[in-house]
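Before reading the points below, please open the structure next to this note and follow each paragraph residue by residue. The points begin with a contact and end with the surface.

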Amino acid sequence: MTRRVTTVRHVFIADPDVPPDMNGIGACATCHCMGKSDDSRHKMPDLFDEDEEHRRRAGERGGA
C-alpha cells in the first residue's frame with residue numbers, strides 16, 4: 001500500500017498508531033509526515049479580517 005502525501009496545510013492530528021519520538025514529534029494522521037501542531041505544514045494560514053474580505057470579494061485592490 002502506498003501513502004499519498006497531502007501538500008495542503010491542515011491541522012495536525014496525531015496518529016494514534018505511531019508513538020511520538022523522544023523529542024515529542026509524532027506522525028500526522030492526515031499526511032503521515034512527522035511533525036507537530038505548530039510547524040509550517042500543520043499551521044493554518046492567517047485569516048483575512050472581515051473588512052479586507054469584503055474588499056477582496058468586491059474586487060478592490062490595495063495600494064495607490
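1. Which backbone nitrogen does the side chain of Asp 15 reach? The partner is Asp 17, whose backbone nitrogen lies 3.1 Å from the side chain of Asp 15, a polar contact under the rule that a pair of N or O atoms is within 3.5 Å, that within protein one must be able to donate a hydrogen and the other to accept it, and that residues adjacent in sequence count only if both atoms are side-chain atoms. Asp 15 is found in the segment before S1, and at 11% relative accessibility this residue counts as buried (under 20% relative accessible area, with exposed meaning over 50% and partly exposed in between, for a 1.4 Å probe and protein chains only).

2. On provenance, this is a predicted model, in which local features need pLDDT of at least 70 and side-chain atom pairs count only at pLDDT 80 or more, whereas totals for chains, interfaces and linings use all residues. Residues are numbered from 1 along each chain as its sequence is written, and side-chain values use heavy atoms, with hydrogens and water left out.

3. The chain averages a pLDDT of 77, and 69% of the residues score at least 70, where pLDDT is the predictor's confidence in each residue, from 0 to 100. Among the elements, strand S1 (residues 26–27) has the highest mean, 92, and helix H1 (residues 50–58) the lowest, 71. Where pLDDT is low, the predicted coordinates should not be read in detail.

4. The chain has one helix and two strands, taken as DSSP runs numbered from the N terminus (helices are H or I with at least four residues, strands E with at least two). From the N terminus on, the order is β-β-α, and of the 64 residues of the chain, 17% count as buried.

5. How many disulfides does the chain contain by the rule used here? The count is zero, a disulfide being a pair of cysteine sulfur atoms within 2.5 Å. The sulfur of Cys 31 has its closest cysteine sulfur in Cys 28, at 3.9 Å, and is therefore too far away for a bond. Cys 33 is likewise in no disulfide, the nearest cysteine sulfur being that of Cys 31 at 3.9 Å. Cys 31 is buried, with a relative accessible area of 2%, and Cys 33 is buried as well, with 15%.

6. Two residues of the loop between S1 and S2 deserve a separate look. His 32 lies in this loop and has a phi near 65°, a positive value in a residue other than glycine; His 32 is partly exposed, with a relative accessible area of 32%, and its C-alpha atom is separated by 9.8 Å from that of Ile 13, 19 residues apart along the chain. Ala 29 lies in the loop between S1 and strand S2 (34–35) and is partly exposed, at 33% relative accessible area, while the C-alpha atoms of Ala 29 and Pro 16, 13 residues apart along the chain, are separated by 7.7 Å.
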